Amino acid sequence: MRNDRIEVRPVAGALGAEIVNIDLAHDPGDEAIDAIRRAWLEHLVVFFRDQTLAPQLFLQFARRFGEVIEYPFVKGIEGFPEITPVIKLESEKTNFGGLWHSDTAYLDQPPMATMLIAREVPPFGGDTLFANMYLAYETLSEGMRRMLDGLVAVNSSAKADVTRTREDRVRDGAKQDAKQQYVAEHPVVRTHPETGRKALYVNFGHTVRFKDMTEEESAPILNYLFQHTARPEFTCRFRWQAGSVALWDNRCTQHNPINDYHGYRRVMHRVTLAGDRPR
Ligand code: SIN
């Protein structure tokens with residue numbers, strides 16, 4: 001077994017670290033789980049390679065970090081309602097979640113974390129970008145930070161761009177009990193409940209406007225923030241192989257899977273872990 005001496009290797013200046021010398025198919029033990037959690041809080045997204053985690057073990061590992069919750073719109077894989085299939089088929093042109101976003105920010109209590117495992121990957125492309133929302137906040141001017149600190153954003157599941165990215169999977173396996181639209185108001189700047197750091201919490205996928213303002217009034221600042229949050233120096237890029245696992249913190253990151261592999265299949269399994277109400 002490889003779990004006695006895990007090593008944490010940062011992959012970029014802004015965020016992201018690969019954790020090596022660990023076999024997740026064997027319960028890593030409390031000490032290793034604590035070390036992974038510390039690395040995750042420090043690096044915001046952690047990656048593992050060459051893991052052979054069948055669905056049951058994937059769920060078991062995820063449960064070491066929190067309570068697994070279901071995705072509202074798409075049914076889980078056979079026998080595992082909590083595991084969402086994130087698939088793009090050879091014939092499809094749109095990839096699930098293919099734009100900058102933080103997962104399901106339109107829920108009152110958006111997930112703390114998401115864990116994704118790659119089952120089948122294209123021969124090239126299909127990488128995922130991640131961005132650090134602490135840095136995005138900290139690099140704004142003092143005046144902008146002061147203004148944003150007092151604002152609330154309205155987040156919706158029904159923005160046209162993001163709705164399009166889930167259409168193929170909804171066609172395959174829509175959940176009958178899903179609402180037409182989920183809407184949640186959250187602070188534009190949230191304080192991470194574990195690190196105490198402030199992070200920008202608006203995203204292109206879901207944020208529609210500032211509370212008490214129209215979409216037109218909100219757009220200039222929101223569009224500026226959407227560009228700002230995706231600055232290359234705030235990001236890292238992960239190249240998937242079958243058996244790669246990523247665990248990211250939705251409270252202080254955004255991600256964007258790159259849609260550059262038309263004609264090839266990419267199959268991932270995803271679970272999300274319960275979070276609190278952003279404050
Ligand atoms: C997602 O937004 O959960 C999908 C991420 C990916 O496919 O890399």
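In this predicted model, His269 touches residues from several distant parts of the sequence: leaving aside neighbours within four places, the contacts of His269 are Phe58, Ile77, Ile83, Thr84, Pro85, Met115, Leu116, Ile117 and Arg119. His269 itself is part of strand S16, which covers residues 266–273. With a relative accessible area of 12%, His269 is buried, because anything under 20% falls in that class. Not every residue far off in sequence ends up beside His269, though: Ala17, 252 residues away along the chain, has its C-alpha atom 20 Å from that of His269.

Glu78 makes a handy contrast. Here the relative accessible area is 75%, and Glu78 is exposed. Glu78 sits in the loop that runs between strand S4 (68–69) and strand S5 (84–88). From Glu78 to Pro55 the chain covers 23 residues, and the C-alpha atoms of the two are 10.0 Å apart.

Now for the chain as a whole. Its secondary structure adds up to 6 helices and 16 strands. The radius of gyration is 18 Å, close to the 19 Å from the globule rule for 279 residues, so the chain is as compact as a globular protein of that length. Laid along its principal axes, the C-alpha trace spans about 55 × 40 × 35 Å. Of the 279 residues, 54% count as buried. Contacts also reach a long way along the sequence: among those with a separation of 6 or more, 84% are between residues 24 or more positions apart.

As for the outside, the chain exposes about 12300 Å², with carbon and sulfur atoms supplying 48% of that area. Charged side chains come to 35 positive and 38 negative, and the centres of these two sets are 2 Å apart.

Inside, the largest nonpolar core holds 46 residues, and the members that touch the most others are Phe130, Leu148, Val188, Leu200 and Val202. Helix H3, residues 133–138, gives the most to this core, with 4 residues. There is also a second, separate core of 27 residues, with Ile19, Leu24, Leu59 and Leu273 among its members. Back in the largest core, Val188 shows how such a residue is surrounded: beyond the neighbours within four places in sequence, Val188 is in contact with Leu148, Leu151, Val152, Ala153, Ala199, Leu200, Tyr201, Val202 and Phe210.

Leu15 is another well-covered residue, at 2% relative accessibility, and counts as buried. Leu15 does so from a loop, the one between strand S1 (7–10) and strand S2 (17–20). Beyond the neighbours within four places, the contacts of Leu15 fall in several stretches of the chain. They take in His43, Leu44 and Val45, then Phe130, Ala131 and Asn132, then Phe234, Thr235 and Cys236, and also Thr253. Tyr106, by comparison, is 91 residues from Leu15 in sequence and 24 Å away in space, C-alpha to C-alpha.

Thr165 is found in helix H5, which covers residues 160–173. Its relative accessibility is 9%, and Thr165 counts as buried. Neighbours within four places aside, Thr165 is in contact with a single run of residues, Thr94, Asn95, Phe96, Gly97 and Gly98. Ala219 lies 54 residues from Thr165 along the chain, with 22 Å between the C-alpha atoms of the two.

Finally, two residues call for a look at the backbone. Asp50 has a phi near 55 degrees, which is positive although Asp50 is not a glycine. Thr104 is likewise a non-glycine residue with a positive phi, near 40 degrees. Both are in loops: Asp50 lies between strand S3 (45–48) and helix H2 (55–63), while Thr104 lies between S5 and strand S6 (113–120). Are these two residues buried or exposed? Asp50, at 54% relative accessibility, counts as exposed, because the class begins over 50%. Thr104, at 5%, counts as buried, since that value is under the 20% limit.

Notes. Residues are numbered from 1 along each chain as its sequence is written. This is a predicted model: local features need pLDDT of at least 70, side-chain atom pairs count only at pLDDT 80 or more; totals for chains, interfaces and linings use all residues. Side-chain values use heavy atoms; hydrogens and water are left out. Buried means under 20% relative accessible area, exposed over 50%, partly exposed in between (1.4 Å probe, protein chains only). The radius of gyration is taken over C-alpha atoms; the globule rule is 2.2 Å times the number of residues to the power 0.38. Contact means heavy atoms within 4.5 Å. Accessible areas come from the Shrake-Rupley method with a 1.4 Å probe; for residues, only the protein chains shown count as cover. Lys and Arg count as positive and Asp and Glu as negative; His and the chain ends are not counted. The place of a charge is taken as NZ of Lys, CZ of Arg, CG of Asp or CD of Glu. A nonpolar core is a set of buried Ala, Val, Leu, Ile, Met, Phe, Trp, Tyr and Cys residues joined through side-chain atoms within 4.5 Å.
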